[in-house]
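Trainee: I have a structure open and would like to understand the reasons behind its labels. Could we go through them together?
Mentor: Gladly. Bring me the labels one at a time, and we will set each value against its definition.
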Amino acid sequence: MAMMHPRLLPLLALGVAFAATPALAQRGSASPAVAQAQAPSAGSNRILAVVNGDVISRSDVQSRRRLFALTSGLRGTEGAAEGMDAQILRLLVDERLRLQEVNRRRIAVTDEEIAEAMREIEARNGMPSGRLVGELRRANIEPRVMYDQVRVQIGWSRLLRALLGPQAQPADSEVQEALNAARARIGEPEFLVSEIFIPVDDPAKTAETQAFVEDVVGRLRRGLPFPVAATQFSQAQTALQGGDLGWVKADQLDPAITRLVTQMPPGAVSNAVRVPGGWQIVALRQRRESGRDNATILSARQVFTPFPTPLNPQFPTPQQIQVVERARALSGSARGCDAMEAAARGSPRPADPGPIRLEQVNPPEFRQLLSGLAPGRASEPIIAPEGVIVIMVCSRESRNLAEITPEQVRGQLLRDRVELLSRQLQRDLRRRAQVEMRDTPRPASAPAERRG
């Protein structure tokens, strides 16, 4: 069998937002080698904006653009992203305002917390620890560019929850009311949606922002991963989760968005939609009936052993034959998932691929293999061009994935409140700020702007 379920044998692509590293660099603390690789070119440190006394330079914009080009698969064609410089600068201004407010209120974000966020995102993307850091350095991007972005997102989220105070915990009566309403609507459509929200704080910038958002839509339809674009550009609180809104009902969305998602096929990306406060792009991932989504969920463990060189099935090398024989021995000797975890130590793939929904496993042959495996019994070696895998099902259970719980309702109520507060606070910060745009990335004939 040449193919595996993507969650079990993930491709190590760069379509991810972040990667973890054991030691996080602070702003300005890159190694001498990286600093030398990133020696600024003429004009790269020219000041583009001053935000309450903090400088944003052309180098800052270029670094963020390179980060976007790398994570979106545009590496080597960074010029394709140059048209985004004006919007990147505006996003950096908003980030700087958020960071200043986080610091002013003494909201701490530790390096270990950032590292943990990176590890979670790596795990969701099936990436080994540290790979993206190496790619960043090879692309002359300091890892701190990425760390700073995550630091702001975590700190801002923590600040909003602190400002909510007691409202951060919805009352039991609110939760029960929402539960009752949800149960009364079982059978109605639900939508699994991702979002990108770009605010418009200055009406004079509406057309400029619309052009940027439409450019992002075009890139998404040409293959840019939605989570990458959401993480880089969305100003919604879902940005750190790649724009994931989770399962929502039609009346939980803006009416203009509702009209779209009820007509979109799964996998589609919407046009840019004007909503209160800005522009929104949504992707419809799945749809289902509320309260009805029965599934078979497996937990499993895998042991992957790579081949030293890609396999030619007609002429396997002696080393490749040895890899297959070791996998066959493991299939016969492994007793239980603990033994599989022990055997997977040092493997480049994680032992635990996470929950697996059996009905969505492809190809069908692999789904049939998993369906027939008794819990605690290892499979025969499964050979792919890059290596051999042995898998064991640890448990199998049937669940109604659409059954709503009080914890889910509580989380949704909190997310709604946090998002509303975030947009209000960002507008307030912009109104109070002294923002001087000295040399924006515009054509030479465009006048400079000053706000304050």
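Trainee: Let me begin with R274. Which residue stands opposite R274 in β6?
Mentor: In β6, R274 faces W279. Keep in mind as we go that this is a predicted model.

Trainee: What makes β5 and β6 a pair of strands?
Mentor: Pairing requires at least two bridges found by DSSP. β5 and β6 (residues 278–289) have 3 bridges, in the antiparallel sense, so the requirement is met.

Trainee: Where do these strands sit in their sheet, and why is β5 called an edge strand?
Mentor: The sheet is open, has 4 strands in the order β4-β3-β6-β5, and pairs in the antiparallel sense. β4 (244–249) and β5 (273–275) are the edges, since each pairs on one side only. From one strand to the next, the twist averages 45 degrees.

Trainee: How do you know that C337 and C394 form a disulfide?
Mentor: The cut-off is a sulfur pair within 2.5 Å. For C337 and C394 the S to S distance is 1.9 Å, so the pair qualifies as a disulfide. By this rule the count is 1 disulfide.

Trainee: What does the pair tie together?
Mentor: C337 belongs to helix α12 (residues 337–343) and C394 to strand β10, so the bond ties together parts 57 residues apart in sequence.

Trainee: Why is the disulfide called left-handed?
Mentor: Because the torsion about the S-S bond of C337 and C394 is about -115 degrees, the disulfide is left-handed.

Trainee: Why is C337 called buried, and what is C394 called?
Mentor: Buried means under 20% relative accessible area, and partly exposed lies between that and 50%. C337 has 15%, so C337 is buried. C394 has 25%, so C394 is partly exposed.

Trainee: What pairs with β10, the strand that holds C394?
Mentor: Strand β7 (residues 294–306) pairs with β10 (residues 387–400) in the antiparallel sense over 13 bridges. One of the bridge partners there is V388 in β10, matched with T305. Strand β9 (residues 382–384) also runs antiparallel to β10, joined by 3 bridges. A384 stands opposite G387 in β10, and β9 and β10 form a hairpin with 2 residues between them.

Trainee: What makes β1 and β2 a pair?
Mentor: The threshold is at least two bridges. β1 (residues 47–51) and β2 (residues 54–57) have 4 bridges in the antiparallel sense, so they count as paired. V51 has D54 in β2 as its bridge partner, and the two strands form a hairpin with 2 residues between them.

Trainee: What is notable about N52 in that turn?
Mentor: N52 has a positive phi of about 50 degrees although it is not a glycine. At 40% relative accessibility, N52 falls between the limits and so counts as partly exposed.

Trainee: And what about N140?
Mentor: N140, also not a glycine, has a positive phi of about 60 degrees. N140 is placed in the loop between α5 (131–138) and α6 (143–164). Its relative accessible area is 33%, so N140 is partly exposed.

Trainee: How do you know that the length of α6 agrees with its expected span?
Mentor: At 1.5 Å a residue, the 22 residues of α6 should span 32 Å, and the end C-alpha atoms are 32 Å apart, so the two agree. In α6, 17 of the 22 residues are buried, which is why the helix is described as mostly covered. G165 follows α6 and has a positive phi, near 60 degrees.

Trainee: What makes the bond between N362 and P363 cis?
Mentor: Look at omega: the value is about 0 degrees for the peptide bond joining N362 and P363, which is cis. P363 lies in the loop between β8 (356–357) and α13 (364–372).

Trainee: Finally, which residues have the most contacts inside the largest nonpolar core?
Mentor: They are V93, I196, L220 and I281, in a core of 47 residues. Helix α3 (residues 85–104) gives the largest share, 7 residues. Leaving aside neighbours within four places in sequence, L220 is in contact with I196, P225, F226, A229, V269 and I281. In soluble globular proteins, nonpolar side chains tend to be buried together.

Definitions and conventions
Residues are numbered from 1 along each chain as its sequence is written. This is a predicted model: local features need pLDDT of at least 70, side-chain atom pairs count only at pLDDT 80 or more; totals for chains, interfaces and linings use all residues. Side-chain values use heavy atoms; hydrogens and water are left out. A nonpolar core is a set of buried Ala, Val, Leu, Ile, Met, Phe, Trp, Tyr and Cys residues joined through side-chain atoms within 4.5 Å. Buried means under 20% relative accessible area, exposed over 50%, partly exposed in between (1.4 Å probe, protein chains only). Contact means heavy atoms within 4.5 Å. The expected span of a helix is 1.5 Å times one less than its number of residues. Axes are lines fitted to C-alpha atoms, for helices over the stretch in contact, and angles run from 0 to 180 degrees between N-to-C directions.
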